[in-house]
Amino acid sequence: MSELAFTDHRISNAEIAARLDEVAGLLEVQGANPFRVRAYRNAASTARQLDRPIAEMAEEEDALDRLAELPAIGQSLARAIEQLVHSGKLPLLDRLKGALAPERVLTTVFGIGPEMAARIHDELGVETLGELQAAAWDGRLARVPGMGERRIRGIRESLAGRFRQPPIGRREERAPNVDEPPVAEILSIDEEYRHKADADRLPRTSPRRFNPTGAAWLPILHAERDGRHYTAMYSNSARAHEMGTTRDWVVIHRDDDAGEGRWTVVTSRFGPLRGKRIVRGREAECREHYEATVSTSAQ
């Protein structure tokens, strides 16, 4: 099944299980929490043993709730499985394999060229067609420079033909599925990642993009904070290579039962935070964080 478009082939339970097992294997090799590894293996076992096709369940109106009620399947895995069924992609697996090429995926949609795809990815962190569809409905896509109402309407129509159902509840009507973690937590993941990467204490993956020699150069970190799962790695996007910031920009993904998210941490080049690590889009919170740190140190 193509990973870029939904076809008439309905993914089987065995295929879903194989993808989940592959995630578990990569997590294990990369030193992730054993409980997380076991969660994916148990989910794969559930998929293999289930009598009813999971793809059929994912078509129902309350798909997420039904999937999350299956043995060993929580909210996080339910979201991942639903996305796999509808788009053929499992973003975590692609990240672990260093194979994710979000700009290329986005350019398969009518009205989105390479430059706009890079802009959408950098501005919103959109990596899949499912995420693009949600952004087109919930108002985020309109915030991207050059993205007018007519183009958004065309993107919605183009994506409507790729999925068997519209975005659940038309995402603008749904509350966010997770509260934003404090910037201090995201910055702590960034600090841990860069420290361990510099000390060569992290497993490395071989990204398929911008890596003609196939070298295993991209360090990857799996970390937890109070039960929240994070995966961090240097940005391997076209924009990061263009700017020469592949050893500065750190992309942090959260993926657990409580929710999911994606943040990019960079070194600020301008203003009062120049030289400090900041979370893109949350600069004001970063300023407050650093001011509070200075205030505490002065006491």
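Biologist: Why does D190 count as buried or exposed in this structure?

Modeller: In this predicted model, D190 has a relative accessibility of 1%, and since buried means under 20%, D190 counts as buried.

Biologist: What makes the contact between R277 and D190 a salt bridge?

Modeller: The closest N and O atoms of R277 and D190 are 2.7 Å apart, and because a salt bridge needs a side-chain nitrogen of Lys or Arg within 4 Å of a carboxyl oxygen of Asp or Glu, the pair is called a salt bridge. R277 belongs to strand β6 (residues 277-279) and D190 to helix α11 (residues 183-198), so this pair ties together parts that are 87 residues apart in sequence. R277, with a relative accessibility of 9%, is also buried.

Biologist: Why is D200 called exposed, while R204 is called partly exposed?

Modeller: Exposed means over 50% and partly exposed lies between 20% and that value, so D200, with a relative accessible area of 53%, is exposed, whereas R204, at 34%, is partly exposed. The side chains of these two residues, R204 and D200, meet in a salt bridge at 3.2 Å, N to O.

Biologist: How do you know that E285 and R282 form a salt bridge, and is each of them buried or partly exposed?

Modeller: Their N to O distance is 2.7 Å, which is within 4 Å, so E285 and R282 meet in a salt bridge. E285 is partly exposed at 36%, whereas R282 is buried at 8%. Elsewhere, salt bridges that share partners join R52, E56, E60, D62 and R66 into one network.

Notes:
Residues numbered from 1 in each chain as written. Predicted model: local features only at pLDDT ≥ 70, side-chain atom pairs only at ≥ 80, totals over all residues. Heavy atoms only, no water. Helix = DSSP H or I, 4+ residues; strand = E, 2+ residues; numbered from the N terminus. Buried < 20%, exposed > 50% of the residue type's maximum accessible area, 1.4 Å probe, protein only.
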